[in-house]
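Biologist: Hey, I'm new to this one. Can you pull it up and walk me through the empty spaces and the charged pairs?

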Amino acid sequence: MIKNIIRRLRIVLIHTLTFCKPSLQLPEFAIIFAPHPDDEVFGCCGLMQRMLAEGKQVELIIMTGGGKSHASCCDINEDELIRNRRQLTRDAASIYGLSEEHIHFLDFPDGGVQFDDENTDELKCALSSIVEKAVADKAISVFYPHSAGEGWSDHLRTSEIAKHLCASIIPDAKQYEYCVWFWFYNCWKIDWKNAFTLKMTKQEYKNKLKAIDAYIEPKAPCGKPWSGVLPPVFLWANKWNLELFFRVK
């Protein structure tokens, strides 16, 4: 109870401090790395909507299938969990406007994302293919989870892998961190000098809430969401009408 009160106070403070931060300038081309199916919606749904509405390009890379979301809950087969969670990704994407050909599902193990994995080679190929298809004069921006405040190992490793591969494959790309579990963990290492926000319109915000619901409302046979049970304070923090980003490079 006390931890959640402290979390809420911290979240309110951070929300307050963001109001004086500049607006994020939309890139022409964005590659978004999501550790699990749903992180892209929590952290970047407003960004993706705004870009797609303005005819800009978005490519989404989802590192894992999220197959451990019921690890301590029931005996649902992991393959079934992955199939259903990936369908939730497609359902959510249809709400904010991203077509399926721009979604790239990888098979890093849920809870075990590491650079030293055979899936890294597949990721390199996917990233190279995405870059090759980019229009020559479109500058690329890359978005991945906050490297200090996300807490979950998959989120931290995803950030490390994205930074490493982008340095070799798209060295000129701008890099940004986005926030998902950042709101939940007690992280005070915040680079306010490089903070940017995106304030959603009423329709964008409405669509984000619908996309979140597309992930958290559908129930598995055990009666709990396919995506697992998320803490109320986490959902409250992520159902904000602004999105927070930090420029890395």
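Modeller: Sure, we'll go through pockets, then the cavity, then salt bridges; keep in mind that this is a predicted model.

Biologist: Pockets first, then. How much space lies in the largest pocket?

Modeller: About 450 Å³. Its lining counts 19 residues, and the closest to the pocket's centre are H36, S69, W152, W181 and S227.

Biologist: Which helix gives the most to that lining?

Modeller: That's α5, with three residues. Both α2 and α5, the latter spanning 153-169, supply at least two residues each.

Biologist: And how does the lining of the largest pocket split by class?

Modeller: You get six nonpolar, seven polar and six charged residues.

Biologist: OK, what about the second largest pocket, what volume does it have?

Modeller: About 200 Å³. Around the second largest pocket you'll find L24, Q25, L26, P27, E28, A139, S141, K174, Y176, F196 and R247. By class, that lining divides into six nonpolar, two polar and three charged residues.

Biologist: Switching to closed spaces: how many cavities of 30 Å³ or more does the structure hold?

Modeller: Just one. The space in this cavity comes to about 70 Å³.

Biologist: Which residues line the largest cavity?

Modeller: Here's the set: F42, G43, C179, W183, K208, A237, N238, W240, L242, E243 and L244. Seven of the lining residues are nonpolar, two are polar and two are charged.

Biologist: Where in the fold do those come from, which elements supply at least two residues each?

Modeller: Three elements do that: helix α2 (39-53), helix α7 (232-238) and strand β7 (242-247). Strand β7 gives the most, with three residues.

Biologist: I spotted K208 and E243 in that list. What do their side chains do together?

Modeller: They meet in a salt bridge, 2.8 Å from N to O. This one links distant parts of the chain, with K208 in helix α6 (residues 202-216) and E243 in strand β7, 35 residues apart. K208 and E243 both line the largest cavity, too.

Biologist: Are those two buried or exposed?

Modeller: Buried, both K208 and E243.

Biologist: Staying with charged pairs, how many salt bridges turn up in the whole structure?

Modeller: Nine. Another one of them joins the side chains of D38 and R85, at 3.5 Å from N to O. D38 sits in the loop between β1 (29-34) and α2, while R85 is in helix α3 (residues 78-96), so the pair links parts of the chain 47 residues apart.

Biologist: Why does D38 count as buried?

Modeller: Because its relative accessibility is 6%, and buried means under 20%. R85 counts as buried as well, at 3% relative accessibility.

Biologist: Which residue does R86 pair with?

Modeller: R86 forms a salt bridge with D107, and their closest N and O atoms are 2.8 Å apart. It's another link between distant parts of the chain: R86 belongs to helix α3, D107 to strand β3 (residues 103-108), and 21 residues separate them.

Biologist: And how do R86 and D107 come out on burial?

Modeller: R86 counts as buried, at 14% relative accessibility. D107 is partly exposed, because its relative accessible area is 44%, and partly exposed covers what falls between under 20% and over 50%.

Biologist: Got it, so what should I look at when I open the view again?

Modeller: Try K208 and E243, since you can take in their salt bridge and the lining of the largest cavity together.

Key. Residues are numbered from 1 along each chain as its sequence is written. This is a predicted model: local features need pLDDT of at least 70, side-chain atom pairs count only at pLDDT 80 or more; totals for chains, interfaces and linings use all residues. Side-chain values use heavy atoms; hydrogens and water are left out. On a 1 Å grid over the protein atoms alone, a cavity is a set of points where a 1.4 Å probe fits but cannot get out, and a pocket is an open set with protein on both sides within 12 Å along at least five of seven lines; lining residues have an atom within 4 Å of a point. Grid points are joined across faces, edges and corners, and a volume is the space filled by probe spheres set on the points. Helices (H or I, at least four residues) and strands (E, at least two) are DSSP runs, numbered from the N terminus. Ala, Val, Leu, Ile, Met, Phe, Trp, Tyr, Cys and Pro count as nonpolar, Asp, Glu, Lys and Arg as charged, and the others, Gly among them, as polar. A salt bridge is a side-chain nitrogen of Lys or Arg within 4 Å of a carboxyl oxygen of Asp or Glu. Buried means under 20% relative accessible area, exposed over 50%, partly exposed in between (1.4 Å probe, protein chains only).
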